[in-house]
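Okay, thanks for coming, everyone. I'll put the structure up and then walk you through a few spots in it.

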Amino acid sequence: DCERLQRIAIPLKIDLFSLDDLFEKYTQFDGCELLVTVDLIGGIHKTVASLHMGSWSTEMQEEINRINQVLPTIADEKTDEIQQWMDSVLDKMDHYKAKHLRYVEEATTLLELSL
């Protein structure tokens, strides 16, 4: 029962929630009408701060904060929304990690060529 639950702190993790086989959706926080805030715990904030391009950090921070803008407007199916948001954050982070790796590889190649 979560009728008083307003805030949760969770790690950013693939498949954090299990799918409800009966309803074929995520239901852990459905019915938690007062749930309006999700705080991410773990190393994600440090990772975002270390992104080399300021625009990447800004975009990631906006995506992380988006859930706390959306949750107050949703009456039900909050778990599905949280799961979709987590997937989006993870996808964006993977995208920026791949871009970062490409830049590092290019810089390494340029450095090797100059030596």
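Before I start on the strand faces, one cut-off: buried here means under 20% relative accessible area, and exposed means over 50%. And keep in mind that this is a predicted model.

So, let's begin with β1. In a regular strand the side chains alternate between the two faces of the sheet. In β1, I8 and I10 make up the covered face, while R7, A9 and P11 sit on the uncovered one. β1 also has a partner: it pairs with β2 in the parallel sense, over five bridges. If you want to find that on screen, look for R7, whose bridge partner in β2 is T37.

Next, the cysteines. How many disulfides do we count? The count comes to one. That's C2 with C32, and their sulfur atoms are 1.8 Å apart. The link is left-handed, with -105° about the S-S bond. What does the pair tie together? C2 is in the segment before β1 (7-11) and C32 is in the loop between β1 and β2 (37-41), so the disulfide joins parts that are 30 residues apart in sequence. Both cysteines are buried.

Last stop, D30, which is in the loop between β1 and β2 as well. Is D30 buried or exposed? Its relative accessibility is 17%, so D30 counts as buried. The D30 side chain reaches the backbone nitrogen of K78 at 3.2 Å. And if we leave aside neighbours within four places in sequence, D30 is in contact with C2, K25, D76, E77, K78 and T79. So we're back at C2, the disulfide partner of C32.

Terms used
Residues are numbered from 1 along each chain as its sequence is written. This is a predicted model: local features need pLDDT of at least 70, side-chain atom pairs count only at pLDDT 80 or more; totals for chains, interfaces and linings use all residues. Side-chain values use heavy atoms; hydrogens and water are left out. A disulfide is a pair of cysteine sulfur atoms within 2.5 Å. Helices (H or I, at least four residues) and strands (E, at least two) are DSSP runs, numbered from the N terminus. Buried means under 20% relative accessible area, exposed over 50%, partly exposed in between (1.4 Å probe, protein chains only). A polar contact is a pair of N or O atoms within 3.5 Å; within protein, one must be able to donate a hydrogen and the other to accept it, and residues adjacent in sequence count only if both atoms are side-chain atoms. Contact means heavy atoms within 4.5 Å. Two strands pair if DSSP finds at least two bridges between them.
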